[in-house]
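Hi,

Here's the structure I said I'd pass along. Have a look at it first, and then read on for my notes.

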Amino acid sequence: MAGRPPGNTVWRGLYADASVPAQQGQPTWRYVFRYLPASQRGTQPGAIYTAEIPYVFGTLNTEGTPDAASQALSRELMARWLAFARTGTPNPSGASAWPPYHPHGQGIRQIGNAGSGAIAEPAPARLDFLEAQKQFRMN
């Protein structure tokens, strides 16, 4: 599984890294983590890169007491990452389906305050343009 926020310079490489195996029929999952706990809404512009890590590993209590919604999201993400490690798919029993990624399709899971669901590739034309610029090195 792979996830990065849109606009991150790593996104271009991740886009290419995920697209190639997906085009070759290899199951690939991508996500965009945009969730903010209630205590940060209105004070933070959005989730930072790596914000999902405490949710995936269940370590939310290192920065105070997590709210019920954050705890529920953490349980869901732990179950999905564990299912992925065990079976190769992030779809544990009883969870909504997370379809594999397909370039230029609805195969990216957005994890946000309004819930989770599939979205299309953000700005695919921009990413295709960046991918074509082999002469530039991006960090």
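Below is what came out of going through it, from the overall fold down to one strand and a pocket.

First, a caveat: this is a predicted model. The protein chain has 4 helices and 4 strands, and along the sequence they come in the order β-α-β-α-α-β-β-α. Of its 139 residues, 33% are buried. If you take the contacts with a separation of 6 or more, 52% of them link residues 24 or more positions apart. The accessible surface is about 8,000 Å², and carbon and sulfur atoms account for 56% of that.

Strand 2 is worth a look on your screen. In a regular strand, side chains alternate between the two faces of the sheet. Strand 2 covers residues 30-33, and both of its faces are covered. R30 and V32 sit on one side, Y31 and F33 on the other, and all four are buried, the arginine included. As for its partner, strand 2 runs parallel to strand 3 (residues 108-112), and 4 bridges join the two. Within that pairing, V32 stands opposite Q110 of strand 3.

Then there's the pocket. The largest one has a volume of about 480 Å³. It is lined by 24 residues, and the closest to its centre are P37, Q40, Y55, L60 and E63. What is the lining made of: how many nonpolar, polar and charged residues? The split is 12 nonpolar, 10 polar and 2 charged.

That's it from me. Shout if anything looks odd.

Cheers

Note on methods
Residues are numbered from 1 along each chain as its sequence is written. This is a predicted model: local features need pLDDT of at least 70, side-chain atom pairs count only at pLDDT 80 or more; totals for chains, interfaces and linings use all residues. Side-chain values use heavy atoms; hydrogens and water are left out. Buried means under 20% relative accessible area, exposed over 50%, partly exposed in between (1.4 Å probe, protein chains only). Contact means heavy atoms within 4.5 Å. Accessible areas come from the Shrake-Rupley method with a 1.4 Å probe; for residues, only the protein chains shown count as cover. On a 1 Å grid over the protein atoms alone, a cavity is a set of points where a 1.4 Å probe fits but cannot get out, and a pocket is an open set with protein on both sides within 12 Å along at least five of seven lines; lining residues have an atom within 4 Å of a point. Grid points are joined across faces, edges and corners, and a volume is the space filled by probe spheres set on the points. Ala, Val, Leu, Ile, Met, Phe, Trp, Tyr, Cys and Pro count as nonpolar, Asp, Glu, Lys and Arg as charged, and the others, Gly among them, as polar. Two strands pair if DSSP finds at least two bridges between them.
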